[in-house]
Amino acid sequence: MTEQEVQDVYERQAGRLYKICCFYLGNSMDAQDAVQTIFIRLLEKRITFQDAQHEDAWFYTVARNLCRDMLRSGWCRKRADVTLPVQVQQEAPAGNFWLEQALQRLPVKQKEVLYLYYYEGYAIREISKLLNRKESTIQTQLAAGRAKLKKQMNLYMQGGVANGAKQIKPTGQ
(Lines give C-alpha, C1' and ligand atoms only; values in the text may rest on other atoms or scores of the structure.)
Protein backbone atom coordinates (compact mmCIF):
# COMPACT_ATOMS: atom_id res chain seq x y z
CA MET A 1 0.00 0.00 0.00
CA THR A 2 1.17 3.49 -0.74
CA GLU A 3 1.29 6.11 1.98
CA GLN A 4 -1.79 7.80 0.48
CA GLU A 5 -3.74 4.51 0.43
CA VAL A 6 -2.88 3.89 4.08
CA GLN A 7 -4.00 7.43 4.93
CA ASP A 8 -7.30 6.90 3.07
CA VAL A 9 -7.95 3.61 4.87
CA TYR A 10 -7.08 5.22 8.19
CA GLU A 11 -9.54 8.06 7.59
CA ARG A 12 -12.30 5.59 6.65
CA GLN A 13 -11.75 3.13 9.48
CA ALA A 14 -10.07 4.75 12.50
CA GLY A 15 -13.19 6.31 14.04
CA ARG A 16 -15.23 3.15 13.56
CA LEU A 17 -12.44 0.98 14.99
CA TYR A 18 -12.10 3.26 18.01
CA LYS A 19 -15.82 2.90 18.75
CA ILE A 20 -15.68 -0.88 18.31
CA CYS A 21 -12.66 -1.16 20.59
CA CYS A 22 -14.24 1.14 23.21
CA PHE A 23 -17.34 -1.00 23.03
CA TYR A 24 -15.37 -4.19 23.72
CA LEU A 25 -12.75 -2.82 26.09
CA GLY A 26 -14.70 -0.06 27.86
CA ASN A 27 -11.54 2.01 28.09
CA SER A 28 -10.38 4.86 25.87
CA MET A 29 -6.64 4.33 26.32
CA ASP A 30 -6.82 0.60 25.56
CA ALA A 31 -9.03 1.34 22.55
CA GLN A 32 -6.45 3.77 21.18
CA ASP A 33 -3.72 1.15 21.65
CA ALA A 34 -5.86 -1.43 19.88
CA VAL A 35 -6.49 0.85 16.89
CA GLN A 36 -2.76 1.47 16.54
CA THR A 37 -2.05 -2.26 16.74
CA ILE A 38 -4.65 -2.98 14.06
CA PHE A 39 -3.03 -0.54 11.65
CA ILE A 40 0.41 -1.96 12.39
CA ARG A 41 -0.98 -5.40 11.46
CA LEU A 42 -2.40 -3.96 8.26
CA LEU A 43 1.00 -2.58 7.30
CA GLU A 44 2.87 -5.75 8.29
CA LYS A 45 0.56 -8.09 6.38
CA ARG A 46 0.26 -5.79 3.35
CA ILE A 47 -3.44 -6.57 2.99
CA THR A 48 -5.27 -5.57 -0.19
CA PHE A 49 -9.03 -5.44 -0.03
CA GLN A 50 -11.39 -6.72 -2.72
CA ASP A 51 -14.07 -4.15 -1.92
CA ALA A 52 -15.45 -1.96 0.88
CA GLN A 53 -17.36 -4.87 2.45
CA HIS A 54 -14.19 -6.97 2.60
CA GLU A 55 -12.33 -4.04 4.18
CA ASP A 56 -15.03 -3.50 6.82
CA ALA A 57 -15.21 -7.23 7.62
CA TRP A 58 -11.41 -7.54 7.93
CA PHE A 59 -11.12 -4.57 10.27
CA TYR A 60 -14.07 -5.68 12.42
CA THR A 61 -12.74 -9.23 12.73
CA VAL A 62 -9.23 -8.07 13.62
CA ALA A 63 -10.60 -5.53 16.13
CA ARG A 64 -12.86 -8.10 17.79
CA ASN A 65 -10.11 -10.71 18.05
CA LEU A 66 -7.54 -8.22 19.32
CA CYS A 67 -9.94 -6.86 21.96
CA ARG A 68 -10.78 -10.38 23.12
CA ASP A 69 -7.07 -11.18 23.38
CA MET A 70 -6.51 -8.00 25.37
CA LEU A 71 -9.37 -8.83 27.73
CA ARG A 72 -7.99 -12.35 28.27
CA SER A 73 -4.49 -11.14 29.06
CA GLY A 74 -3.39 -11.43 32.67
CA TRP A 75 -2.56 -7.74 32.83
CA CYS A 76 -6.05 -6.70 31.79
CA ARG A 77 -7.81 -9.10 34.19
CA LYS A 78 -5.84 -7.77 37.16
CA ARG A 79 -6.72 -4.12 36.55
CA ALA A 80 -9.54 -2.26 38.23
CA ASP A 81 -12.83 -2.24 36.31
CA VAL A 82 -13.30 1.03 34.42
CA THR A 83 -16.52 2.61 33.22
CA LEU A 84 -16.96 3.95 29.71
CA PRO A 85 -14.38 6.53 28.73
CA VAL A 86 -15.26 10.15 29.40
CA GLN A 87 -14.74 11.02 25.72
CA VAL A 88 -17.34 8.46 24.61
CA GLN A 89 -19.74 9.59 27.34
CA GLN A 90 -19.45 13.19 26.18
CA GLU A 91 -20.00 12.28 22.51
CA ALA A 92 -23.23 10.40 23.23
CA PRO A 93 -26.51 12.12 24.11
CA ALA A 94 -27.33 11.90 27.82
CA GLY A 95 -29.88 9.10 27.38
CA ASN A 96 -27.33 6.94 25.58
CA PHE A 97 -25.01 6.80 28.59
CA TRP A 98 -27.33 4.39 30.40
CA LEU A 99 -27.84 2.39 27.22
CA GLU A 100 -24.06 2.01 26.87
CA GLN A 101 -23.79 0.98 30.50
CA ALA A 102 -26.53 -1.63 30.06
CA LEU A 103 -24.91 -2.95 26.86
CA GLN A 104 -21.60 -3.42 28.68
CA ARG A 105 -23.33 -5.79 31.11
CA LEU A 106 -24.64 -8.15 28.42
CA PRO A 107 -22.90 -11.41 27.51
CA VAL A 108 -20.29 -10.86 24.79
CA LYS A 109 -22.14 -12.80 22.08
CA GLN A 110 -25.35 -10.81 22.60
CA LYS A 111 -23.48 -7.53 22.95
CA GLU A 112 -21.57 -7.93 19.69
CA VAL A 113 -24.69 -8.97 17.74
CA LEU A 114 -26.64 -5.97 19.05
CA TYR A 115 -23.71 -3.68 18.27
CA LEU A 116 -23.36 -4.92 14.71
CA TYR A 117 -27.10 -4.79 14.07
CA TYR A 118 -27.94 -1.41 15.61
CA TYR A 119 -24.69 0.57 15.65
CA GLU A 120 -23.02 -0.68 12.46
CA GLY A 121 -26.24 -1.33 10.53
CA TYR A 122 -25.44 -4.87 9.40
CA ALA A 123 -28.27 -7.17 8.34
CA ILE A 124 -28.73 -10.52 10.09
CA ARG A 125 -27.33 -12.37 7.06
CA GLU A 126 -24.19 -10.17 7.07
CA ILE A 127 -23.69 -10.65 10.82
CA SER A 128 -24.07 -14.39 10.33
CA LYS A 129 -21.25 -14.41 7.75
CA LEU A 130 -19.06 -12.03 9.74
CA LEU A 131 -19.30 -14.01 12.99
CA ASN A 132 -19.53 -17.43 11.31
CA ARG A 133 -22.80 -18.28 13.07
CA LYS A 134 -26.16 -19.48 11.74
CA GLU A 135 -28.76 -16.81 10.98
CA SER A 136 -31.14 -18.46 13.45
CA THR A 137 -28.46 -18.17 16.14
CA ILE A 138 -28.03 -14.47 15.38
CA GLN A 139 -31.80 -13.94 15.61
CA THR A 140 -31.90 -15.79 18.96
CA GLN A 141 -28.99 -13.77 20.31
CA LEU A 142 -30.63 -10.52 19.16
CA ALA A 143 -33.90 -11.45 20.88
CA ALA A 144 -32.19 -12.53 24.10
CA GLY A 145 -29.98 -9.44 24.09
CA ARG A 146 -32.96 -7.14 23.58
CA ALA A 147 -34.83 -8.80 26.45
CA LYS A 148 -31.88 -8.47 28.86
CA LEU A 149 -31.23 -4.93 27.68
CA LYS A 150 -34.86 -4.01 28.30
CA LYS A 151 -34.69 -5.39 31.87
CA GLN A 152 -31.47 -3.52 32.57
CA MET A 153 -32.84 -0.27 31.12
CA ASN A 154 -35.98 -0.60 33.24
CA LEU A 155 -33.77 -0.81 36.32
CA TYR A 156 -31.91 2.34 35.24
CA MET A 157 -35.09 4.24 34.44
CA GLN A 158 -36.58 3.36 37.82
CA GLY A 159 -33.42 4.52 39.52
CA GLY A 160 -32.86 1.00 40.80
CA VAL A 161 -29.19 0.75 39.96
CA ALA A 162 -28.39 4.00 41.74
CA ASN A 163 -30.40 2.77 44.74
CA GLY A 164 -28.59 -0.57 44.90
CA ALA A 165 -30.99 -2.79 42.93
CA LYS A 166 -29.59 -6.01 41.55
CA GLN A 167 -28.00 -5.64 38.10
CA ILE A 168 -28.23 -8.30 35.43
CA LYS A 169 -25.02 -10.32 35.43
CA PRO A 170 -23.47 -11.40 32.12
CA THR A 171 -23.90 -15.12 31.52
CA GLY A 172 -22.89 -17.56 28.86
CA GLN A 173 -19.85 -15.70 27.63
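Which residues of the largest nonpolar core touch the most other members? In this predicted model, they are Cys21, Ile38, Phe39, Leu42, Trp58, Phe59 and Leu116, out of the 41 residues in that core. The legends below begin with the whole chain and then turn to close-up views.

**Figure 1. Overview of the protein chain, which has nine helices and zero strands.** Read from the N terminus, the elements follow the order α-α-α-α-α-α-α-α-α. The chain has 173 residues, and 40% of them are buried. About 10300 Å² of the protein chain is exposed, with carbon and sulfur atoms supplying 51% of that area. When contacts between residues at least 6 apart in sequence are considered, 62% join residues at least 24 apart.

**Figure 2. The largest nonpolar core, with 41 residues.** Phe39, Trp58 and Phe59 are among the residues that touch the most other members. At least two residues of this core come from each of α1, α2 (28-45), α3 (52-72), α6 (94-104), α7 (108-119), α8 (124-131) and α9 (135-157). The helix that gives the most is α1, with 10 residues.

**Figure 3. Aromatic rings, which form 10 pairs in total.** Phenylalanine 39 and phenylalanine 59 have ring centres 5.4 Å apart and planes at 40°, so this pair is tilted. Because phenylalanine 39 belongs to helix α2 and phenylalanine 59 to helix α3, the pair ties together parts that are 20 residues apart in sequence. Both phenylalanine 39 and phenylalanine 59 are buried. The rings of tryptophan 58 and phenylalanine 59 are edge-to-face, because their planes are at 85°, with the centres 5.0 Å apart. A cluster linked by ring pairs contains Tyr10, Phe39, Phe49, Trp58 and Phe59.

**Figure 4. Close-up of tryptophan 58 and phenylalanine 59, two members of the ring cluster.** Is tryptophan 58 buried or exposed? Tryptophan 58 has a relative accessibility of 16% and therefore counts as buried, the cut-off being under 20%. Phenylalanine 59 is also buried, with a relative accessible area of 0%. Apart from neighbours within four places in sequence, tryptophan 58 is in contact with Ile38, Leu42, Ile47 and Phe49. Of these contacts, Ile38 and Leu42 are also listed among the core residues that touch the most other members.

**Figure 5. Close-up of glutamine 13, a residue of helix α1 (residues 3-25).** Glutamine 13 counts as buried because its relative accessibility is 1%. What joins the side chains of glutamine 13 and glutamate 55? The two side chains are joined by a polar contact of 2.9 Å. With neighbours within four places in sequence left aside, the residues in contact with glutamine 13 are Phe39, Glu55, Asp56 and Phe59. Two of these, Phe39 and Phe59, also appear in the ring cluster.

**Figure 6. Helix α7, which has 12 residues.** From its first C-alpha to its last, α7 reaches 15 Å, close to the 16 Å expected at 1.5 Å a residue. Which residues of α7 are buried? They are Gln110, Lys111, Glu112, Val113, Leu114, Tyr115 and Leu116. Leu116 is also one of the core residues that touch the most other members. Just after α7 comes glycine 121, which takes a positive phi of about 80°.

Notes. Residues are numbered from 1 along each chain as its sequence is written. This is a predicted model: local features need pLDDT of at least 70, side-chain atom pairs count only at pLDDT 80 or more; totals for chains, interfaces and linings use all residues. Side-chain values use heavy atoms; hydrogens and water are left out. Helices (H or I, at least four residues) and strands (E, at least two) are DSSP runs, numbered from the N terminus. Buried means under 20% relative accessible area, exposed over 50%, partly exposed in between (1.4 Å probe, protein chains only). A polar contact is a pair of N or O atoms within 3.5 Å; within protein, one must be able to donate a hydrogen and the other to accept it, and residues adjacent in sequence count only if both atoms are side-chain atoms. Contact means heavy atoms within 4.5 Å. A nonpolar core is a set of buried Ala, Val, Leu, Ile, Met, Phe, Trp, Tyr and Cys residues joined through side-chain atoms within 4.5 Å. Accessible areas come from the Shrake-Rupley method with a 1.4 Å probe; for residues, only the protein chains shown count as cover. The expected span of a helix is 1.5 Å times one less than its number of residues. Rings of Phe, Tyr and Trp (its six-membered ring) pair if their centres lie within 6.5 Å; planes under 30 degrees apart count as stacked, over 60 as edge-to-face and the rest as tilted.
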